[in-house]
Amino acid sequence: MRKDKDRDIAADPVLSNEIVLGLVQKHVPEAREVRQVDETGNRARTYMIGEDIVLKTQRPSKIRPQTSLHKEVFFLHQLQADERIQVPRVLGYGTEDGVEYTVMTRMPGVAARWLDLQGEERSRVMRDLGQMLRYIHQLDQAPFKESPFFQGSLRETDIKSSIEQQLAAAVERLGDRPPGWTLTITVEQAAGQILDSLPSHAETVALHANPGPPHTFVYPESKAFSGLIDFGDAYISHPAFDLVSWGSSEDQRHIFEGYTLEAPASGEFRAVWRAAAMLRLLRSAGRNGAAAFHEDLTHWLSQR
């Protein structure tokens with residue numbers, strides 16, 4: 001066991017300052033100083049260069065099939081079409097000596113996960129995030145759907161069957177009435193109510209995949225939303241799935257408010273949004289306590 005652990009560490013080295021600067025200077029010749037190495041990413045490592053540049057590398061021991069720096073670069077290039085979308089700007093991309101890397105601008109602020117956002121400050125960040133997600137989803141989808149990075153993603157006709165399969169797995173895991181279950185209906189009946197309201201067809205777009213606390217950035221002084229990072233897990237599905245990456249129904253409601261600020265959502269969109277929220281809730285049953293779980297579950301079952 002120890003040998004396997006040592007081998008993983010050896011396959012995932014922290015690059016020397018000399019190598020990092022050599023890669024960055026190919027794209028930003030004036031770069032001079034590596035200030036910090038950030039290990040908090042699950043599948044990537046970032047090197048802070050000066051005040052406003054980042055070198056991002058994929059961690060070989062943690063690569064997943066759907067995660068790709070190259071896909072993120074492609075996505076970020078598409079996002080440049082709308083100046084309202086606040087994301088890092090790509091300065092360079094390449095592979096050298098087996099190291100795949102991206103050079104990009106640093107998103108100002110800090111990840112929301114490190115801040116205690118409460119009250120109106122929190123709801124304002126959620127609304128601003130929701131509004132920006134709408135801008136992202138409104139981009140021309142042809143480049144995404146034609147790109148090899150998104151081959152195999154869901155088509156419009158797959159949405160209902162995909163949600164049905166995921167709900168079936170959640171029902172099997174929870175059973176009919178898990179400990180602490182207070183509803184008069186069973187888990188399976190609750191899932192049935194969700195499925196009955198789903199449209200047979202629904203639009204699909206390129207999603208961020210997890211615009212949650214690790215990737216939503218906020219200015220720590222003003223508590224204002226600053227932007228979104230990390231598009232390497234992007235995939236194509238219904239846009240509602242990007243609206244439920246924050247756990248509570250209250251956060252999700254404020255994100256929805258921002259998302260629909262400039263244009264309303266259709267009844268079909270609301271049905272899939274409700275299903276996505278319920279699916280997330282059933283998957284995380286018990287993590288936030290039985291009372292909160294049943295309160296949120298009752299809330300979503302009452303929505304139409």
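Ala, Val, Leu, Ile, Met, Phe, Trp, Tyr, Cys and Pro count as nonpolar here, Asp, Glu, Lys and Arg as charged, and everything else, Gly among them, as polar. One thing to keep in mind for every view: this is a predicted model.

**View A. The largest cavity has a lining of 3 nonpolar, 3 polar and 2 charged residues.** The structure holds just 1 cavity of 30 Å³ or more, and the largest cavity has about 40 Å³ of space. Helix 9 (267-283) and helix 10 (290-302) are the elements that each give two or more residues to this lining. Helix 9 has the largest share, with 3 residues. If you want to pick out the whole lining, select Gly247, Gln252, Ala277, Arg280, Leu281, Ser284, Asp296 and Trp300.

**View B. The largest pocket offers about 950 Å³ of space.** Zoom in on its centre and, of the 38 lining residues, the closest are Asp38, Thr40, Thr46, Phe217 and Ile229. By class, the pocket lining splits into 13 nonpolar, 14 polar and 11 charged residues.

**View C. Several strands and a helix help line the largest pocket.** Strand 1 (34-38), strand 2 (44-49), strand 3 (53-58), helix 3 (69-79), strand 5 (99-105) and strand 6 each put in at least two residues. Which strand gives the most to this lining? That would be strand 2, with 4 residues.

**View D. Three strands make an open sheet in the order 6-8-9, with antiparallel pairing.** Strand 6 (110-111) and strand 9 (225-228) sit at the edges, each pairing on one side only. Strand 6 runs antiparallel to strand 8 (residues 216-218), and the two pair over 2 bridges. Look for Val110, which stands opposite Val218 in strand 8. As a general reminder, strands of a sheet pair through backbone hydrogen bonds, either parallel or antiparallel.

**View E. Helix 4 (residues 119-137) lies across strand 8 and strand 9.** What angle does helix 4 make with strand 9? The helix runs at about 35° to that strand.

**View F. Leu115 is in the loop between strand 6 and helix 4.** Leaving aside residues up to four places away in sequence, Leu115 touches Val110, Val218, Pro220 and Lys223. So Leu115, with contact taken as heavy atoms within 4.5 Å, touches both Val110 and Val218, the two residues that stand opposite each other in View D. His215 is worth including in the frame too: Leu115 and His215 are 100 residues apart in sequence, with their C-alpha atoms 13 Å apart in space.

How values were computed:
Residues are numbered from 1 along each chain as its sequence is written. This is a predicted model: local features need pLDDT of at least 70, side-chain atom pairs count only at pLDDT 80 or more; totals for chains, interfaces and linings use all residues. Side-chain values use heavy atoms; hydrogens and water are left out. Two strands pair if DSSP finds at least two bridges between them. Axes are lines fitted to C-alpha atoms, for helices over the stretch in contact, and angles run from 0 to 180 degrees between N-to-C directions. On a 1 Å grid over the protein atoms alone, a cavity is a set of points where a 1.4 Å probe fits but cannot get out, and a pocket is an open set with protein on both sides within 12 Å along at least five of seven lines; lining residues have an atom within 4 Å of a point. Grid points are joined across faces, edges and corners, and a volume is the space filled by probe spheres set on the points.
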